[in-house]
Amino acid sequence: MSSLRRESQDEEEYWMKSRVNKSKFNLFDDNVTVENAEELAKSKKLLTQFEDDDVDTVNWDDTPVSSVTESSAISGVTGRVSFTPSSLESVTPTVQYSKSQEKLHSLTSSSSARSLEDEIPSFISTSSGSKNLEEEIQYLKRALKKARELKFSPEDTIRKMILGEPYSLEVFRSKEEKLQLLDKAIQVHDGNAITAVILFLRQTIKPSLFNLELQRRPVAINHYLSYLRAHYDFKELGDVLGMLNRTEEAAILKYKQAISAPDVRGKMNALRGCLKAHFIHEPDLAHEANLVEQHAALLERQWPIEDTDSKSEAQGNPLFRQFPRKVSILNMPLITTLYYCCFYHGRDAENLLTSPFAIKKQHQLSDKQYVWTALSARSRLKQWTGIEELLTAKGWFGSTKKVSVIGFDKVCEILHRTSAPEEILSKYLRMIDGSERRLNIARKYKCHEVVVETLVYLRDRHELQVYASKLPPGSLGLRNAQDALRSSTIKWKT
Amino acid sequence: MAAPSVKGFPDFQRLKILAKDEFTSLLDQMPGRKDLVIDGELMKPLDRIASVSLLKQRGVDKIFKFDSSLKSMHGCEQRIYLVRPRMTTMKAIADHINSDRNINFKRKYSIIFVPRKLHTCLSVLEYEGVMGYVTVSEFQLDFVPLDKDVLSLELPEFLKSLYLENDQTWIHTVAKSLVRLQALSGEIGHVYCIGRGAKMVNDLMNFLMKRNSSEQDFSRHEIGSLILIDRDVDYVTPLCSQLTYEGLLDETFGIKCGTIEFGPEVTGKQQSAKLLLNSDDAIFEDVRNRHFSNVLGYLSSKAKSLQQDFDKRHGLKSVGDMKDFVANELRRLKEQKSVLANHIGACEQILGKKTKGGFEDYLQTEHSLLEGSGLRENVNFIEELLFKQDNMLKTLKLICLLSLTQNGISPQTYKSLKTQYLQSHGFEQLVTFSNLKSLGIVTEQETGSQAGTPLNKVASGMAAMTRRSTFQSLCKKLSLIPKSDDIDLKNPTDMSYVFSGAYTPLSCKLVEQVLTRGGFTGMEEITKYLPGGVHSENHVKASKDHSTPLKDKSGKSARQDRPVSKVVLVYFLGGCTYSEITALRFLGKLKGYIFVIATTAIINSSTMLESVMEKPPIYYENNRFAEIEFVPVAIKARSLFSGNSFAHRSTECSLILPGAGMNLRHRGHGNPRGGSHLTHDVIMCLDRQVRQKEWEHGKLTGLLEGSGLGDNVNFIEELIFKQDNMLKTLKLICLLSLTQNGISPQTYKSLKTQYLQSHGFEQLVTFSNLKSLGIVTEQETGSQAGTPLNKVASGMAAMTRRSTFQSLCKKLSLIPKSDDIDLKNPTDMSYVFSGAYTPLSCKLVEQVLTRGGFTGMEEITKYLPGGVHSENHVKASKDHSTPLKDKSGKSARQDRPVSKVVLVYFLGGCTYSEITALRFLGKLKGYIFVIATTAIINSSTMLESVMEKPPI
């Protein structure tokens, strides 16, 4: 009996401890830290052991007669004690037990006041005693039968899920069984089963445990994330990604949400907020941070431009009447915006939002990007002098020369595309380095004058003759070709 | 077994027939007229299975295309939804149903999931509360036979789902399709898996199949081997520009489920033409696998010969011949002519598009990327496309190829290309780059890893990196890039002809290798570069493996020249391109194999990239709005899971929340004899209050009697000023409110404020709880005099009760008139409270027993919330008479008839005082009371249980 006492004392110590725990934090609080969770898990384990022992030894539902007599024989407490295993199933009632026990101890000393805790260890000791081996076997047999009737194994359940047969997850109450379910589902690679079990877990165990177990199973994590995505549950999705330290994904998610804002003003604010919260402080996302910053800056530029220009268009500004705006500039890509500004606001001062040069500067556009776009716009506007300015660089001592960062072949390509007059096209064709290249490109754009010139330069009389034969009669190119062919000053290649 | 198949191909028409039968029986499950609402992406596959006339025949009235943006739909009384299992779809269907119910339109709904129902979908239906109105079934449509050698699941989302999100939901569909196929064609003896998903499919397939271990004659089965290939093993091939006719048709016009639609620009007529592209079209069959350079010439020669056939009609001699020609030949020729015209028109379109867009330069760049040469020029070319804001998909393809062939892009180039891409095509594409990074398609080289393999990366990333760093090694080891430039595109000798001889598709080359070597042995040098590894299984007994089948029975001789081992099913997970199909067909012809190609979907570079791009280009504006619409859905659906469990918990916690109050009231119903629980509120406080009376100079009696209100309030305030025991004070406040029909607003506010100031503002919660319980309430302004009229029913009842505590006292004479109660020899239950008050609950018990029910108690019971109820299970004759059947030996009982034993059950607890009072009552009136209760309480425990923080 003394050993029993000690056991019960231990028990009591344990309960005291658990009460201390309770005063520290709320059991059901979602914000329980991992350490706490582990501690909790341990104590939960203890509890389950306790529970299991109890259920193992005294099966009140199945064996009312034998167990009652058994208990009364040993402890002297009559069967009147109303005690069912179910009352121990949750934490709270057990804690209350210890309370009542204290009171009973202090108030009474009679044997009838012996609290239930005193009896429980004695049950354990009976069952572990070898005398009742047969009874134990009987009990185990019954338990097995009951288990068979009640539920299927995790394997069976997963099989049913995969085959599309009816199943029930609710019969799995212990965390271990639930995790077995999950592991089995992962093992057979059925996403539907995996997701179903995960959602069941989420519903039935507290978040800290759920997260802990999920983190141990990357496949499960992926399915959970996939589910959250399909569920548009972005809040939880962001949290989980954050928990997993997948900062980049989390940041991109937030960005995605930010850009889904329907109105531009909301989007600007959302972008700024998202930039501050998720990008700026992540060294790995420095580049992305820069891009998001640019996105926000772009919207902040487009907003007032659109505002002014739509008004100006409504008031009948001749520029917009001549070239009506097809769509609003809002939400257009940066290069399109640059083109727009080059087109409608090409001459604006740099301190204005509409200045193409200001855009170039703010977004650190390369010269190539800038020239290409500006050139296209000016060519479309037929601002030939403008193009000349764009391609003129200041040389030494105030001299000027024609320079193109994108190469004059590309300049010609753009001019051709925007249907520049032959005269202008020829001018720039002549600036292409390399006579063979120039010849090819001139041929491609059917710029006969330059072709003839180049062929003459190459002193290729045969080619010139062939080319001349294809030229339409009376054209300038044909005349030039004929002049050249007639000329005696040219030393033709042999 | 089956009808003799075409040229050794297994007959897949059976699959169609099976699917058709399954579908018709599903339609028949809802007899009568019904509407059919079909998911857009199932339209084309269903078209291949069932005709409109069949549907009409089965009672389908109207056919709608499912539109998730519609909040409601019209139609007849029965409706069938045929949909893919998606949560958003479920939400939309639920909206339809709910809007019908809102206008009281009764309709029967059936949802048929293709190919299976998912847990998440059912959850949404359940959550939206429509599960009761729908019947749910599955239509296991997996393979849609597109041609004699092509089977497709038509599941383009597989790629994104498995490789981007690592979601294995569709693995089941792939495995199931194989199980069903093998049920028809016999088990497949050899299985080779290349990649991660392939292995998973194989595992799940084995799990589902329960292989028959007994000897099987595999030679009689129709398919010898199965090769499963993951798309992520080879992303390069689908990104290359297709150059075969069929591939170009797909890239230019888009082939959907084996059909193509030519617009007026191709047909040259007003209307567009729909064409079924398969081997039944003789002209198409001739050109589909050709390199494009070799198509137009063939078509024009065909046109000439057709013209000659036409011209025959001039040479017709007799009228009979003429008649014959018109009846047979003419129709065929006319059909051929129109088909030919369409193909020629299509060729013209393709040519036109390709020459306009600078296709040659593009192709050159692509090929030099594959070769790994001229890196600088290639990057320049890509940049130029960006300056020009050229087609965003085209540009992205090159960026992908650059990264895939070069083991990622060097950090500097990566940043600059990405930045410029976003600047040209919108910053939204940041998301696309993030997706491509996750897929391992566009990656940034680790700094310092350009020379060697990166070491410190996660396992999966590691494998991916290794693979890509070694695209060139794979090219070399498998000689994917042919050495000679002079490939005869007309009479090809090598699979690489599908890409103009520039590149042999990696996936097809792997298939060739596996078949040639009979497995992966000796391929270690190659397989080590493949992510996800390889796996092979052999279910055929070794003895039968390579020998010709011995058991062949007579009549099967036709098969002998094409042994089953030559029939190979190649299954692409994540989709395959027409070029790959063509390459395999060519390989089959070359090596004598019969290839059957199965795939989750037929893809091309554009559809593949679009499926993983966040916003499909151009339309992204619209899509964005579509997405927003679903956000509330998300929010709603989210609480689906968390909400449930919370509600559950709250009922357990009981007492605190209104739900608990409901429980209590409910219990009141079922307990006619125990008195209504609500009176407890009063009594429990009383119990303690009596003792206080002695201590606190009798102030409390005033409360019960309803006298000296001002004094009482003053007394309470005094206690508060003193910061006297908070429970004690609270009890008085409770009593004040209960006896006075709530506290007048002014007093209530002042008492509450003072209480909070004295005992902590946390007690605000307690007041809120007490208000919910109806213990401490504030009187409605203007209702002090009479009964409040405009309150909700339950609140009404509560008010009524409290407003009439005094009435109850009067009617039941709870407050004894005389002050001289002999506490030593009591004559009345009120002695438990020093004769100041008789417990209402006990009084009710007494009344019920005396009257034998509630008759005549209407004046009293009307004040009791929750009402009363009684049931009599004893037959009337036996009720009041003494038991007749009493046997001998039971005489001891006769002087205490059973009707005198009364069980009083207190729901929500009772006090010792009540027990004592009942004991006294029993002694007085000869009853034997047994008291049952949920718990024994006193004023402190009762209040503590509903207080937020127990007092210190």
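Student: How much area does chain B expose, and what share do carbon and sulfur atoms supply?
Tutor: This is a predicted model, where local features need pLDDT of at least 70, side-chain atom pairs count only at pLDDT 80 or more, and totals for chains, interfaces and linings use all residues. Residues are numbered from 1 along each chain as its sequence is written, chains are lettered from A and ligands numbered from 1 in written order, and side-chain values use heavy atoms, without hydrogens and water. Accessible areas come from the Shrake-Rupley method with a 1.4 Å probe, and only the protein chains shown count as cover for residues. Chain B exposes about 42900 Å², and carbon and sulfur atoms supply 53% of it.

Student: What percentage of the residues in chain B is buried?
Tutor: Buried means under 20% relative accessible area (1.4 Å probe, protein chains only). Chain B has 952 residues, and the buried part is 53%.

Student: Which residues of helix α5 of chain B are buried?
Tutor: Helices are DSSP runs of H or I with at least four residues, strands are E runs of at least two, and both are numbered from the N terminus. Helix α5 of chain B covers residues 119–127. Its buried residues are Thr120(B), Cys121(B), Ser123(B), Val124(B) and Leu125(B).

Student: In which sense do β4(B) and β5(B) pair, parallel or antiparallel?
Tutor: Two strands pair if DSSP finds at least two bridges between them. Here β4 (residues 108–113) and β5 (residues 134–138) of chain B share five bridges. Tyr109(B) stands opposite Val134(B) in β5(B). The sense is parallel.

Note on methods:
Buried means under 20% relative accessible area, exposed over 50%, partly exposed in between (1.4 Å probe, protein chains only).
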